[in-house]
Amino acid sequence: MATDYESHTYDVIVIGAGGAGLRAAIEAHQRGLRTALVCKSLLGKAHTVMAEGGVAAAMGHVYAEDNWKVHFRDTMRGGKYLNNWRMAQLHAQEAPDRVFELEAWGALFDRTPDGRITQRDFGGHRYARLAHVGDRTGLEMIRTLQQKAVSLDIDVFMECKILQLLSDTDGRVSGAVGYWRPSGEFITFSAKAVVLATGSIGKSWQFTSNSWESTGDGHAMAIWAGADVIEMESVQFHPTGMVWPLSVRGLLVTEGVRGDGGVLRNSEGSRFMFDYVAPMFRAETAETEEEADRWYDDHTDNRRTPDLLPRDEVARAINTEVKAGRGTPHGGVYLDIASRRPAEYIRRRLPSMYHQFMELAGVDITTTAMEVGPTCHYMMGGVRVDGDTEAATVPGLFAAGEVAGGMHGANRLGGNSLSDLLVFGRRAGLGAADYAEARSGVPTLQDAEVETVIARSLEPLGREQGENPYEVHRDLQETMQTLVGIIRKGPELEKALVKLGELSARVDNLSVSGGRAYNPGWNLATDLPAMLTTSTAVAQGALARKESRGGHTREDYPDADPELGKVNFVQHQRDHRGPGQPIDIGPEPIPEMPPELRELLEEGH
Amino acid sequence: MPDCSLRVWRGDQDGGAFADYTLASQEGEVVLDVIHRIQATEAPDLACRWNCKAGKCGSCSAEINGRPGLLCMTRMDTLPEGPVTVAPMRAFPILRDLVTDVSFNYEVAKTVPPFAPPPAPPEGYRMQQIDIERSQEFRKCIECFLCQDVCHVVRDHEENKTTYAGPRFFIRFAELEMHPLDTNDRRELLHHKAGLGMCNITKCCTEVCPEHIKITDNAIIPLKERVVDASFDPVGWLGRKIRRRTKLTPEQAAAGRPEQITTVWETVPAPTAEPVVAGPRDGEDATETTAGSE
């Protein structure tokens with residue numbers, strides 16, 4: 001028997017209310033379109049809130065030499081040239097305007113002595129480029145956007161989980177179906193355009209800096225709707241997550257610790273990063289501890305400390321040290337700022353890190369070295385979009401932020417995610433608005449499709465004997481952590497795919513107790529299909545890319561392959577779509593970069 | 001390690017009771033970890049809101065041994081021995097178990113007049129760090145609503161919610177009022193609609209704030225002073241008779257440097273329903289005062 005559900009009609013719905021979703025909704029609303037913002041948690045709690053370091057924008061406030069061209073080059077180099085160059089270009093060009101716009105909406109960034117927005121140094125950025133508010137930039141951004149959206153009176157559906165996208169009979173994406181978490185009642189949206197802004201996939205790994213929401217809903221829903229996803233193998237492991245206590249393992253320790261003078265040491269006390277400088281970074285990296293230490297005060301006559309190599313390089317080095325038996329008692333390495341900077345300086349520059357370690361680990365970072373290790377942090381891969389409009393490859397669907405792929409290539413630079421949210425959130429809002437305005441009539445949903453999705457989501461509640469969703473989730477995390485982690489091998493990836501197949505069968509046999517109203521067991525059961533689909537795509541991508549590039553490292557193919565540097569691995573479901581269905585994968589050439597952009601990469605590198 | 005036990009409130013708007021759970025202790029755990037282990041084993045449907053598990057999102061607010069706090073930042077080994085009581089925030093209606101309906105806060109947020117800066121000059125806004133630090137303190141707020149929960153004006157007085165914004169929104173008002181570029185004046189609203197006068201500065205909000213924002217000292221008291229200036233001060237009373245704008249209009253602010261702006265005086269009719277106005281205090285002679293209130 002069909003379950004009742006409420007129905008809403010909009011021009012544009014935006015799924016996800018982090019930075020990208022809020023920015024997209026604001027733009028579509030300001031264009032005069034009926035816009036709804038739908039999010040799994042309360043408004044203002046999305047993962048953007050956890051961003052610390054800053055938002056990268058070549059405003060040139062600290063170094064007047066900085067401009068979009070340098071930012072573009074840094075981004076492409078950091079991404080090992082797998083980036084969607086059009087996105088990298090638009091991002092570098094438009095990020096300053098998006099930051100100024102936030103300021104006009106109430107954001108209070110830290111200032112230069114002459115009263116402008118100040119900018120901080122970060123890994124991979126040639127100039128100090130990150131606009132920031134202490135180490136809580138993400139909070140400032142999401143609160144500013146949230147307050148702007150509230151002042152515009154945009155309709156917000158909070159704690160509303162979207163299960164699946166819906167299509168009309170012509171195959172255009174035309175809405176979505178989900179449920180209210182507080183009541184468990186179902187809800188459908190009919191919309192001329194849908195923007196995905198659902199963030200990351202990190203909750204499929206055991207040790208991650210991501211919150212519970214990062215279950216890859218948007219990545220999976222796009223695949224199920226027939227859209228292409230690209231570069232799913234490109235997962236960023238941040239080198240410094242907490243490793244102890246176990247309950248907070250994976251929690252982020254900002255790159256700012258190293259930017260402000262902290263260094264990595266192994267259990268023998270050695271600054272091991274000097275042993276891991278890859279040839280492409282040798283010319284710009286200090287060779288001795290003395291030179292590295294001088295660099296903090298004098299960038300001109302000294303080279304950068306190897307502690308601040310790109311994230312992929314540092315994460316691999318830590319992994320190697322621990323495997324070689326030179327790790328800490330809890331399986332990490334030491335991050336030491338206590339012996340190098342005065343206590344007062346540490347508390348002032350890194351207030352939230354100080355409190356995080358003090359309150360959660362009982363460690364005073366002004367007197368004691370931190371224990372850190374790599375943690376699953378960011379998804380570079382995602383929905384394949386048009387750089388200008390953020391349109392996916394199925395009509396009616398748009399994507400922005402972490403759920404979209406291409407912008408960051410094989411490795412993201414710190415600070416480029418917050419600017420990505422603003423630039424492409426706005427563009428997705430515009431793209432969706434243009435599309436919705438051009439689309440005539442009210443999209444019609446197919447009742448049978450709605451009922452199928454609802455019935456499937458309710459199955460675990462009706463099943464007496466079945467799998468516990470928490471156990472399936474734990475086994476999925478263990479599989480991804482051990483077999484599709486920071487260092488990958490062909491046989492292990494094949495094993496992972498077999499295990500993911502087994503887990504997929506277990507997901508079809510979930511059983512949960514209790515009712516539908518605010519039932520976390522049932523909520524997890526409805527998140528798991530998306531986690532399985534995205535995890536499968538990551539493992540398939542990792543198996544297909546037989547090289548090491550950026551965040552993707554293959555022990556059996558340790559070098560970058562120039563030929564593979566010219567292709568994206570594209571995945572999609574064509575004929576049989578939906579959870580558990582096979583996903584096709586194949587390489588497609590990256591479009592040729594126009595000569596005027598190519599010149600920028602070559603100039604003065 | 002020894003066992004730990006939690007007494008968790010289970011139920012919904014129709015009622016409920018505490019349920020006891022005993023588990024093996026694990027080193028370094030916070031209360032939220034124990035809740036998660038209960039969910040994964042004994043009670044998969046135990047409702048609890050959480051997101052970041054790092055004290056940054058303000059989702060997992062509850063009352064731990066009767067004290068409002070974040071479940072993710074309260075370590076089990078800092079609590080006294082014996083069962084730990086975990087209850088939902090009392091100031092808000094219960095949805096299920098530890099999850100409350102905090103929509104009151106989202107409704108109040110809609111009533112705050114937004115930031116209204118002058119148009120940006122071509123070279124962008126200029127503000128000094130020292131001038132923005134007051135507002136930056138309030139913008140550390142993670143909206144955990146613990147200050148709202150502990151505030152006795154609404155904690156046991158549901159009826160006050162229609163006329164009282166609460167500490168979270170007093171710091172929001174303060175943040176906007178102290179923003180160097182803002183041109184809105186929210187003092188009348190604070191006085192008459194947001195119920196600022198109902199706060200009697202017991203500082204409970206400051207005590208529970210996980211971001212250590214000095215809500216009472218740095219926001220509420222300065223706001224009260226501003227409202228008093230505008231409403232009760234005898235000079236302010238005179239000022240209302242011959243109104244003087246103390247904030248810039250957007251046009252004025254855009255026009256140039258503050259020192260170039262002349263004060264705008266205009267005569268306004270007396271309001272029909274005059275708010276309570278304090279007269280000159282004993283021993284003071286209002287007629288001797290000639291300057292404006294600022």
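**Two chains, questioned**

Modeller: The domain assignment splits chain B into domain 1 (3–100) and domain 2 (103–234), with bounds taken from an automatic or database domain assignment. This is a predicted model, where local features need pLDDT of at least 70, side-chain atom pairs count only at pLDDT 80 or more, and totals for chains, interfaces and linings use all residues. Residues are numbered from 1 along each chain as its sequence is written, while chains are lettered from A and ligands numbered from 1 in the order in which they are written.

Colleague: How far apart are the C-alpha centres of domain 1 of chain B and domain 2 of chain B?

Modeller: They lie 29 Å apart. The contact between these domains takes 13 residues from domain 1 of chain B and 13 residues from domain 2 of chain B; two residues are in contact if their C-beta atoms, placed from the backbone, lie within 7 Å. Strand β4 (residues 67–70) of chain B gives the largest share of the domain 1 side, 3 residues.

Colleague: And how many residues of chain A are in contact with chain B?

Modeller: 47 residues of chain A are in contact with 45 residues of chain B. Helix α4 of chain A gives the most to the chain A side, with 6 residues. Helices (H or I, at least four residues) and strands (E, at least two) are DSSP runs, numbered from the N terminus.

Colleague: What makes α14(A) roughly parallel to α16(A)?

Modeller: Their axes, lines fitted to C-alpha atoms over the stretch in contact, with angles from 0 to 180 degrees between N-to-C directions, cross at roughly 25° and come within 9 Å. Angles under 35 degrees count as roughly parallel, over 145 as roughly antiparallel, 65 to 115 as roughly perpendicular and the rest as oblique. So α14(A) is roughly parallel to α16(A). Residues that meet there include Leu476(A) and Met480(A) in α14(A), and Leu524(A) and Leu528(A) in α16(A).

Colleague: Why does Ile201(B) count as partly exposed?

Modeller: A residue is buried with 20 or more other C-beta atoms within 10 Å of its own, exposed with 12 or fewer, and partly exposed in between. Ile201(B) has 13 such neighbours, so it counts as partly exposed. Ile201(B) also has a positive phi of about 45°.

Colleague: Then why is His212(B) called exposed?

Modeller: Because His212(B) has 12 other C-beta atoms within 10 Å. His212(B), too, has a positive phi, about 55°, although it is not a glycine.

Colleague: How do you know that the peptide bond from Trp244(A) to Pro245(A) is cis?

Modeller: Its omega is near 0°. Pro245(A) lies in the loop between β11 (235–242) and α6 (256–259) of chain A.
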